[in-house]
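Okay, thanks everyone, I'll keep this short. Have a look at the model on the screen and I'll walk you through a few parts of it.

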Amino acid sequence: MIRFFIKLILTLGSASYYTFWGTIFSVLPYARKNLERKRRAIELNSQAVRNLNCNASEKRVLLPKANINLHVVEAGEKQGHLVVLLHGFPETWHCWAHLIPVLAAKGYHVIAPDMRGYNLSDKPAGVDEYKVTKLTSDVEELITVFGHKTANIVAHDWGGVVAWAFTTNYSHIVDKLVVLNAPYTQAYQRAVKKNLSQVLSSWYIFFFQIPIIPINLLKHDTEATAREFLVTNKKVNIETDVQIVASAMAQDGAVESMLNYYKALFKALAAGDPKKGKRSQAPPTKHKTPVLVLWGEEDIALVKQVADASEWFQDFTIRYIPKCSHWVNYDAPDEVKREVVKFFERKTVPQQPLQPEISRL
């Protein structure tokens, strides 16, 4: 009996030994491949920063309250007025490559982060890590970490969702806001309730709630995915963006984190407004932050009506851009540069309510 137990122990020990090393050797190729993907992403981003030709630099910035590190590209005069550039899905900081040198040359202090979950920034696990409240808190911390009390903000798509929320909740920090093809939350919610076209155009939000399938679909060929999303105008060369986005999506946990934005938003919208049924009949109090919206008219994901947030903002301007898709920062970079600089240089308007300014470029 004693010999039996000794033999059993030795057998189990031998099996554990081989299981251990078998696991190690099976994981090593995956770890090596992920390391290669990360190295390629770092090289692509570093080269892109150099290609800005405006003495830009990149750094990993710790946000103490959030306890995460964000990859941030910085340019311009550090004593200048701060401008924060927020990208959308599935973009990176590089979607602002055309705008960063222009603002830096004007003397602004420009920072373009990869938002949490994207590219070279940290990717915390869990849907709740991507709630809008946490995303807006990241922006607040960034402004503080870079030594400023206020900032101008330019944002596109998901960056716009965060920027709208940040402006309404941290209005004392935002001097001016520019949003490219991203609807104000109340305008979007109203459209979803009353406009069937917007509901149908939002199909992808529902699709992204499905487990596993969207993740595997987007990760299967990240270059093809990036090209499918971003390239709507073949006359515009955005190959660098395609390659950077592809390398960003190929990193471990990246696609999961990016889709968590949609899952967290869907979760919040499904929870509803606790004050529902107690809505005041009085018109909403208008926010005083000056806002410029640049809107590509050929956006297939958002109906044109959601662009107008003049009901909620006192100083509100829309510039509709014809023959331009959702990716207005790629399709119309010259118009974006011109309108952003002009808006920033415009003197602040007095406090009385204004008529909204709506026009086509």
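Strand 3, residues 82–86, runs parallel to strand 4, residues 109–113, and three bridges join the two. When I say helix or strand I mean a DSSP run, H or I of at least four residues for helices and E of at least two for strands, numbered from the N terminus. And strands count as paired if DSSP finds at least two bridges between them. One of the contacts here puts Val84 with its bridge partner Ile111 in strand 4. To get from strand 3 to strand 4, the chain passes through helix 2, residues 100–105, and that β-α-β crossover is right-handed. Right-handed here means that, with the strands pointing away from you, the path from the first strand over the helix to the second goes clockwise.

Before I go on: this is a predicted model, so local features need pLDDT of at least 70, side-chain atom pairs count only at pLDDT 80 or more, and totals for chains, interfaces and linings use all residues. Residues are numbered from 1 along each chain as its sequence is written, and side-chain values use heavy atoms, with hydrogens and water left out.

Back to strand 3. It also runs parallel to strand 5, residues 151–156, with four bridges joining them, and there Leu86 has Ala155 as its bridge partner. So how many of the residues of strand 3 are buried? Five of the five, so the strand is largely enclosed by the rest of the structure. By buried I mean under 20% relative accessible area, with exposed over 50% and partly exposed in between, using a 1.4 Å probe and protein chains only. Leu82, Val84 and Leu86 point one way, Val83 and Leu85 point the other way, and all are buried.

In the loop between strand 3 and helix 2 you'll find Pro90. The peptide bond from Phe89 to Pro90 is cis, with omega near -5 degrees.

There's a similar story to tell at another strand. Strand 8, residues 316–321, has six of its six residues buried, so it too is largely enclosed by the rest of the structure. Phe316, Ile318 and Tyr320 sit on one side, with Thr317, Arg319 and Ile321 on the other. Its partner is strand 7, residues 291–296, in the parallel sense over six bridges, and Trp295 stands opposite Tyr320.

Now for the antiparallel pair. Strand 1, residues 57–63, and strand 2, residues 68–76, pair in the antiparallel sense over seven bridges. They make a hairpin with four residues between them, and Leu63 stands opposite Ile68. In the turn, Asn67 has a positive phi, near 60 degrees, in a residue other than glycine. Asn67 is exposed, at 61% relative accessibility. Asn53 also has a positive phi, about 55 degrees, and is not a glycine either. Asn53 lies in the loop between helix 1 and strand 1, and is exposed with a relative accessible area of 69%.

Next, the inside. How many cavities of 30 Å³ or more are there? Just one, with about 70 Å³ of space in it. A cavity, on a 1 Å grid over the protein atoms alone, is a set of points where a 1.4 Å probe fits but cannot get out, and lining residues have an atom within 4 Å of a point. Grid points are joined across faces, edges and corners, and the volume is the space filled by probe spheres set on the points. The lining includes Leu70, Leu86, Arg116, Asp138 and Tyr261. It splits into nine nonpolar, no polar and two charged residues. For that split, Ala, Val, Leu, Ile, Met, Phe, Trp, Tyr, Cys and Pro are nonpolar, Asp, Glu, Lys and Arg are charged, and the others, Gly among them, are polar.

Which helix gives the most to that lining? Helix 3, residues 132–145, with four residues. Helix 3 has 14 residues and reaches 20 Å from first C-alpha to last, close to the 20 Å expected; the expected span is 1.5 Å times one less than the number of residues. Among its buried residues are Leu135, Asp138, Val139 and Leu142. After helix 3 comes Gly147, with a positive phi near 85 degrees.

Last one: Arg37, in helix 1, is partly exposed at 29% relative accessibility. Its C-alpha is separated by 9.7 Å from that of Met249, 212 residues apart along the chain.

Notes:
1 Å grid on protein atoms, 1.4 Å probe; cavity = no way out; pocket = protein on both sides within 12 Å on 5 of 7 lines; lining within 4 Å.
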